[in-house]
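Got your viewer open and a free hand for the mouse? Let's take a walk through this model, one selection at a time.

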Amino acid sequence: MSAVSIGRAPALAGRLRPNALWLAVPGLVFLAVFFVWPVAQLLGLSAVDPESGAYSAGAYQRIAATDVYLRVLGITFRIAGWTTLWSLLIGYPLAYWLARLPALFRGRMLLFVMVPFWTSYLVKTFAWMLILGRTGVVNSLLTGAHVVGEPLSLINNQFGVMVGMVHAMVPLAVMTMLPVMTGIDRRLVQAAQTLGAAPARAFWLIYFKLSLPGVAAAGLLVFISSLGFFIVPAFLGGRQETMLAQLIITQVQELLNWSFAGALSAMMLAAALVSCVVYDRIFGLSTIAGGSAQVGTGRIRDLGLALLSAVATILGRLSDAAQAVLGKRACAWLLPGFCWLVIAFLVLPTLLVIPLAFTSSQFLEFPPPGYGLSWFHAYFGSPLWIQATIRSFGVAFVTAFAATAIGGFAALALANSRTRWAGLIFAFFLAPMIVPRIVIAVGLFYLFARLGLIATDLGLVIGHTVLAIPFTLVTIAAVLKTYDSTRRRRRSGPTACGR
């Protein structure tokens with residue numbers, strides 16, 4: 001054996017040595033096949049003439065020439081923007097209150113936030129139809145108490161859409177902001193107050209400033225998720241609240257115009273990517289996993305600090321005025337009271353479905369005119385419903401196992417690897433969370449139609465796994481980060497004392 005071959009052997013062995021980054025390979029391959037490829041194919045269809053098969057920009061020219069689609073795009077942005085704003089305004093106090101609770105009690109209270117998040121959008125939308133309809137709960141109470149003379153129009157308009165979408169997005173905003181808030185040392189605010197800062201000013205200039213990365217991450221995820229809504233605006237909105245996702249579904253299911261559906265999807269995806277690029281430049285994508293980031297640089301940072309200081313001064317004076325009028329004890333109950341109202345807003349629509357299961361009526365109406373078990377007899381006596389239930393649980397179980405395994409291995413790979421590609425890999429695994437779901441769904445539908453996976457359990461598992469991987473990755477990565485920091489503190493403490 002020559003000296004050259006002997007010298008090459010250790011180098012080759014070093015390259016083939018197992019590395020933690022290999023744990024992410026299964027997830028990378030899975031997402032490349034069932035996420036990148038379907039979305040790329042869908043976008044490619046937008047540049048193809050459906051009749052001749054030749055490359056054409058006709059779909060984009062049709063969008064540019066017709067103001068209807070541009071107006072729908074504007075409506076989509078407006079509804080997503082207002083949903084994001086209200087979700088943050090409602091979710092921030094709740095996340096702040098939860099972050100201050102003891103860890104054990106916080107975990108129990110999180111169930112009130114997560115149960116509505118886990119409930120089907122269709123179930124929640126029907127519940128809001130019963131609450132906000134002309135003969136619904138709200139109008140029945142108002143007309144029965146003679147507060148109003150005739151029922152209010154609370155659905156089939158923007159108000160109904162906003163209520164349904166904010167109800168769906170507040171849990172996502174809370175779960176995104178909470179990891180950042182729990183990592184903030186509350187002694188910093190206490191130290192500022194010890195040095196003479198007013199409580200309100202100390203909160204806004206220290207705690208709120210440190211929580212801004214979580215707020216920005218929540219805003220991004222809520223905005224991107226809101227872009228792809230179609231169930232809520234379809235049932236709670238009217239013609240003036242038509243969103244882009246509804247047009248995409250119409251082009252696929254009714255008109256079979258894949259080319260134009262791809263062009264509309266490209267518009268939505270471009271808007272989502274622009275939002276992500278702007279966000280990444282200011283905050284960094286790592287904050288989605290609960291990491292820290294420097295909020296803004298240069299003039300943007302100086303302007304933000306000046307604005308935050310002005311807000312702190314104004315709200316500090318309002319806080320002093322409120323305490324003078326209501327008293328400190330009453331003001332101390334404002335935050336818990338508001339949070340319990342938000343929890344009621346999240347939970348009660350879901351609980352409303354329970355008495356409707358025992359109604360004797362053939363229609364959705366509340367309160368039920370009578371009670372009985374007829375719907376349970378119809379359910380348990382139908383093989384179709386039983387089969388659908390078993391199928392749902394089976395798909396959910398396999399999806400949970402697959403997504404946890406893929407996301408967990410990827411989180412372990414990123415936690416134990418110091419490669420320069422870690423940031424890019426992390427962003428790649430987060431991409432299904434960033435790309436609007438309707439774009440992913442239509443892309444997978446086009447792929448599965450050619451593979452024969454439409455309406456199959458395997459197809460459902462694959463689609464749900466693609467959407468679930470980012471959530472498992474973010475959750476496990478946050479846990480591993482906490483475990484790693486705790487382990488480092490335990491190691492450094494005794495060692496430092498011994499030295």
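Here is what to select, stop by stop, bearing in mind that this is a predicted model.

**Stop 1: helix H16**

Select residues 334-351, which make up helix H16. Now try a little check: how far apart are its end C-alpha atoms? They are 25 Å apart, and this agrees with the 26 Å that 18 residues should span at 1.5 Å a residue.

Next, zoom in on Phe345, where H16 has a kink of about 25°. Shortly after the kink comes a proline, Pro349. Pro349 is also one of the buried residues of H16, and others include Pro336, Cys339, Val342 and Leu346.

What covers those buried residues? Show helices H4 (67-100), H5 (103-118), H6 (121-132) and H8 (158-182), which are among the elements doing the covering. Helix H15 (328-332) and helix H17 (353-356) belong to the cover too.

**Stop 2: the largest nonpolar core**

Now select Tyr92, Leu94, Leu98, Met177, Tyr207, Leu264 and Phe429 as sticks. These have the most contacts inside the largest nonpolar core, a set of 120 residues. Which helix gives the most to this core? That's H4, with 15 residues.

Stay with Tyr92 for a moment and light up what it touches. Beyond its neighbours within four places in sequence, Tyr92 is in contact with residues including Met177, Met181, Phe203 and Tyr207. Add Ser87, Phe208, Ser211 and Val215 to complete that set of contacts.

**Stop 3: the salt bridges**

How many salt bridges does the structure hold? There are three, so let's visit each.

- Asp67 and Arg71: their side chains meet at 3.8 Å, N to O. The two sit four residues apart in helix H4, so about one helical turn separates them. Asp67 is partly exposed, at 46% relative accessible area.
- Asp185 and Arg187: the closest N and O atoms in this salt bridge are 2.8 Å apart. Is Arg187 buried or exposed? Arg187 is exposed, with 58% relative accessibility, whereas Asp185, at 31%, is partly exposed.
- Asp457 and Arg391: here the salt bridge is 2.4 Å, N to O. This pair links distant parts of the chain, 66 residues apart, with Asp457 in helix H22 (residues 457-498) and Arg391 in helix H19 (residues 383-415). Asp457 is partly exposed at 41%, and Arg391 is partly exposed at 34%.

Key. Residues are numbered from 1 along each chain as its sequence is written. This is a predicted model: local features need pLDDT of at least 70, side-chain atom pairs count only at pLDDT 80 or more; totals for chains, interfaces and linings use all residues. Side-chain values use heavy atoms; hydrogens and water are left out. The expected span of a helix is 1.5 Å times one less than its number of residues. The bend at a residue is the angle between axes fitted to the seven residues ending there and the seven starting there. Buried means under 20% relative accessible area, exposed over 50%, partly exposed in between (1.4 Å probe, protein chains only). Contact means heavy atoms within 4.5 Å. A nonpolar core is a set of buried Ala, Val, Leu, Ile, Met, Phe, Trp, Tyr and Cys residues joined through side-chain atoms within 4.5 Å. A salt bridge is a side-chain nitrogen of Lys or Arg within 4 Å of a carboxyl oxygen of Asp or Glu.
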